[in-house]
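This report covers the nonpolar cores and the ligand surroundings of the structure shown below.

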Amino acid sequence: MTRLTRARNTSVATKITMAVSGLFFVFFVVFHAYGNIKMFLGPEAFDGYAHWLRDPFPHLIPPMWFLWAFRALLAGSLIIHVYAAVRLWLRARKARGPNAYVNHQTIATTYASRTVRWGGIIILVFIVFHLLHFTTLTFQIGGDYHAMGPYERMVATFSNWYMVLAYMIPIAALALHVRHGFWSALATLGANKVRRQHWINLVAIAAGLVVFLAFMLPPFGILFGFIS
Ligand code: HEM
């Protein structure tokens, strides 16, 4: 095996690692957005779901075990995903050499990877903020969270337009990230043959749009008074 082939194989392995850990996130994101949509069904449905997450199989496992196992899986996938991203980025930078701007594939590739990299950083910052907001209840926006249930906390938060905006920006970054991820994963799997590219692009855009709409519907529903 030549050095070049070995390097290419390692890159493919890293990209597969990204795709698999990324896929787990997609699964989580769909599950989470589905849970949030329950806001439209009222406090009982939403609070019931929040309670179920903490004690999903009462006769099988003690409360919180499922949630902690899921949290550990999420944290593990996040570390793997970010590590693989940094590896790919360093490798691409090295391969490009000192002549970074001349010796490059296409402007489109540079643009996409730059967007995805900045998007990734925005999402990471958002996750920290989000956990301090809704999980540890460190940032309490719109009232005393300890005196409220999960449904009321959502309403208190997104009755403020600036909170809708503060969530919309990272969710838009996430939607673009998912779009790129879908495209990139299908390309790694070799599905992006020229005649299929158009469809793959459409599927990737649709996936990004679904993520954006599914997450943003409840905040907008609250802001515009459909949920109160
Ligand atoms: C508009 C968008 C979002 C809203 C309204 C929202 C809302 C919430 C709420 C209310 C909780 C607390 C649930 C509970 O205590 O039972 C929560 C937890 C969480 N959210 Fe979100 N979320 C949004 C987007 C996201 C995104 C995009 C991610 C990740 C990429 C994310 C990751 C998490 C995580 C990791 C938890 C903690 C789960 C746990 O371990 O307890 N959320 N979210």
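Which residues have the most contacts inside the largest nonpolar core? The model is a predicted one. Its largest nonpolar core has 13 residues, and those with the most contacts inside it are Ile171, Leu174, Ala175, Val178, Phe182, Val211 and Phe215. Two or more residues each come from helix H6 (161–188) and helix H7 (197–223). H6 gives the most to this core, with 10 residues. Leaving aside residues up to four places away in sequence, Phe182 touches Val203, Ala204 and Ala207. There is also a second, separate core of seven residues, which includes Met39, Tyr151, Phe158 and Ile222.

The ligand is surrounded by 21 residues, of which the closest are Ala50, Arg71, Phe134, Tyr167 and Phe215. Phe215 is thus named in two lists: among the residues with the most contacts inside the largest core, and among the closest to the ligand. The elements that give two or more residues to the shell around the ligand are H6, H7 and the five helices in the table.

| Helix | Residues |
|---|---|
| H1 | 3–37 |
| H2 | 43–54 |
| H3 | 65–96 |
| H4 | 107–135 |
| H5 | 150–158 |

H4 provides the largest share of this shell, five residues. Sorted by class, the shell has 16 nonpolar residues, four polar and one charged.

Is Leu73, in helix H3, buried or exposed? Leu73 is exposed, because 12 other C-beta atoms lie within 10 Å, and a residue counts as exposed at 12 or fewer. Leu73 and Phe25 are 48 residues apart in sequence, and their C-alpha atoms are 10.0 Å apart in space.

Notes
Residues are numbered from 1 along each chain as its sequence is written. This is a predicted model: local features need pLDDT of at least 70, side-chain atom pairs count only at pLDDT 80 or more; totals for chains, interfaces and linings use all residues. A nonpolar core is a set of buried Ala, Val, Leu, Ile, Met, Phe, Trp, Tyr and Cys residues joined through C-beta atoms within 7 Å. A residue is buried if 20 or more other C-beta atoms lie within 10 Å of its own, exposed if 12 or fewer, and partly exposed in between; C-beta atoms are placed from the backbone. Helices (H or I, at least four residues) and strands (E, at least two) are DSSP runs, numbered from the N terminus. Two residues are in contact if their C-beta atoms, placed from the backbone, lie within 7 Å. A residue is near a molecule or strand if its C-beta atom, placed from the backbone, lies within 6 Å of it. Ala, Val, Leu, Ile, Met, Phe, Trp, Tyr, Cys and Pro count as nonpolar, Asp, Glu, Lys and Arg as charged, and the others, Gly among them, as polar.
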